[in-house]
Amino acid sequence: MRDPYDVLGVAKSASEAEIKAAFRKLAKKYHPDQSKEARAKERFAEVGSAYEILGDDKKRRAFDRGEIDAEGKPRAPQFEGFGFGRQPGGSGRGDFRGFGFDFGGGSGGFSAESGSIDPDILAELFGAGRTRGRAQPTRGEDIGVSVSVPLATIANGGSIRVALPTGKMLDVAVPAGIEEGKSIRLRGQGNPGQRSAPPGDVIVTIRYAPHPLFKVEGRDLRLDLPITLYEAILGARVRAPTLGGEVEVSIAPGANGGRVLRLRGKGLPASAEQPAGDLLATLRIVLPNEPDAELSALMRKLRDLKPYDPRSGMA
């Protein structure tokens, strides 16, 4: 048998969820009751054998260590007691007893009596109470979409309109503070089921829309706050934007450009897992747009009377 990772088409670093998803996809594709692929029965058996190893944490680790081969057989005598792999008397017709599947003679059907396959997968592949030749109700497929949500909506909560691939439009309630990458499940809004089965769900993944002023860093927000030269030298109280409206901040006399002011609690609001963030305002000294003769003369006087080197010590 081929390497089980190659059979399922996954990397050796694949997670348990990725392995299960790959098995589920291939098992559907080569299910002998449904597939029109050439050699579907053999491929279905091969996929199942691969999942028997990779879907079981102990067997997967034993395979990765080289203790068992691709068929689950021990590679060294000291591993014979593991009981992996095919049992004596296998027919060689694509049956693998770890699952209790039989693709040979007899009734000509499939059984899933015991073994290491997830019961949910078995139910999906074979159907609960399935009888040969009779189509069973099939739940509708889920629909996954990503939606870009303005930071103002993230901060305050609200509703957004989502366009589904089917062309259907849905209004989705967004709770305040929801984290980026989290999903909202809309039950029963997915694709319709077959033969009176229930529809699937819509799974909406939240992404933060770019903002013209704020940059998101975790729950914190970063902001460049422009100030004048005289505000930096003399100090001042200036207005700074936040997601909740403008607030007044103090600039200490002699503030350098690049200094960061922390406005606690003015970042993104608390989520279910994290506390509220802060607003980190970086001071940016901005000169007048138009040339100013008096300012130039003043700067020359400062240069001549009180010269200093802000770059000393960098060499």
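Select arginine 237 to start: it stands opposite serine 250 in β9. The model is predicted, so local features need pLDDT of at least 70 and side-chain atom pairs count only at pLDDT 80 or more, while totals for chains, interfaces and linings use all residues. Residues are numbered from 1 along each chain as its sequence is written, and side-chain values use heavy atoms, with hydrogens and water left out.

**Stop 1: the β8 and β9 hairpin**

Show strand β8 (residues 236-240) and strand β9 (residues 247-251) together. They run antiparallel, joined by 5 bridges. Strands here are DSSP runs of E with at least two residues; helices are runs of H or I with at least four, and both are numbered from the N terminus. Two strands pair if DSSP finds at least two bridges between them. Now go to the 6 residues between the strands of this hairpin. Pick glycine 245 there: its phi is positive, near 115 degrees.

**Stop 2: the sheet of β1, β5 and β4**

Select the open sheet of 3 strands next. Its order is β1-β5-β4, and the pairing is mixed. Which strands form the edges? They are β1 and β4 (183-186), each of which pairs on one side only. Neighbouring strands of this sheet are turned by 25 degrees against each other on average, direction ignored. Those axes are lines fitted to C-alpha atoms, for helices over the stretch in contact, with angles from 0 to 180 degrees between N-to-C directions.

Keep β1 and strand β5 (residues 202-208) on screen. The two pair in the parallel sense over 7 bridges. To find one bridge, click valine 145; its partner is valine 204 in β5. In a regular strand the side chains alternate between the two faces of the sheet.

**Stop 3: the loop between β4 and β5**

Most residues other than glycine have a negative phi, and most peptide bonds are trans. Select arginine 195, in the loop between β4 and β5. Its phi is near 55 degrees, a positive value in a residue other than glycine. Then select serine 196, which lies in the loop between β4 and β5. Phi of serine 196 is also positive, near 70 degrees.

Colour by accessibility here. Arginine 195 has a relative accessible area of 44%, so it is partly exposed. Serine 196 has 78%, so it is exposed. The cut-offs are under 20% relative accessible area for buried and over 50% for exposed, with partly exposed in between (1.4 Å probe, protein chains only).

**Stop 4: proline 150**

Move to proline 150, in the loop between β1 (143-149) and α6 (151-156). Buried, exposed or partly exposed? At 40% relative accessibility, proline 150 counts as partly exposed. Draw a distance to isoleucine 160, which is 10 residues away along the chain. The C-alpha atoms of the two are separated by 9.4 Å.

**Stop 5: helix α2**

Select α2, residues 16-30. The helix has 15 residues and reaches 21 Å from its first C-alpha to its last. That is close to the 21 Å expected at 1.5 Å a residue; the expected span is 1.5 Å times one less than the number of residues.

Show side chains on Ile19, Ala22, Phe23, Leu26, Ala27 and Tyr30, which are buried. Look down the axis of α2. The buried residues fall within an arc of 125 degrees, so they line one face of the helix. The arc is that of the directions from the helix axis to the C-beta atoms. An α-helix has 3.6 residues a turn, so residues three or four places apart point the same way. Turn to the face away from the buried side: it carries the exposed residues Ala17 and Lys25.

Zoom in on leucine 26 in α2. At 14% relative accessibility, leucine 26 counts as buried. What does leucine 26 touch, not counting residues up to four places away in sequence? The list is Val7, Leu8 and Val47, where contact means heavy atoms within 4.5 Å. Add arginine 43: leucine 26 and arginine 43 are 17 residues apart in sequence and 8.8 Å apart in space, C-alpha to C-alpha.

**Stop 6: the aromatic pairs**

Finish with rings. A search of the whole structure finds 2 aromatic pairs. Rings of Phe, Tyr and Trp (its six-membered ring) pair if their centres lie within 6.5 Å; planes under 30 degrees apart count as stacked, over 60 as edge-to-face and the rest as tilted.

Select tyrosine 5 and phenylalanine 63. This pair is tilted, at 6.2 Å centre to centre and 45 degrees between the planes. It links distant parts of the chain, 58 residues apart: tyrosine 5 in helix α1 (residues 4-8) and phenylalanine 63 in helix α4 (residues 57-64). Tyrosine 5 and phenylalanine 63 are both buried.

Now select phenylalanine 23 and tyrosine 51. They are stacked, 4.2 Å centre to centre with 10 degrees between the planes. Phenylalanine 23 sits in α2 and tyrosine 51 in helix α3 (residues 40-54), 28 residues apart. Phenylalanine 23 is buried, as is tyrosine 51.
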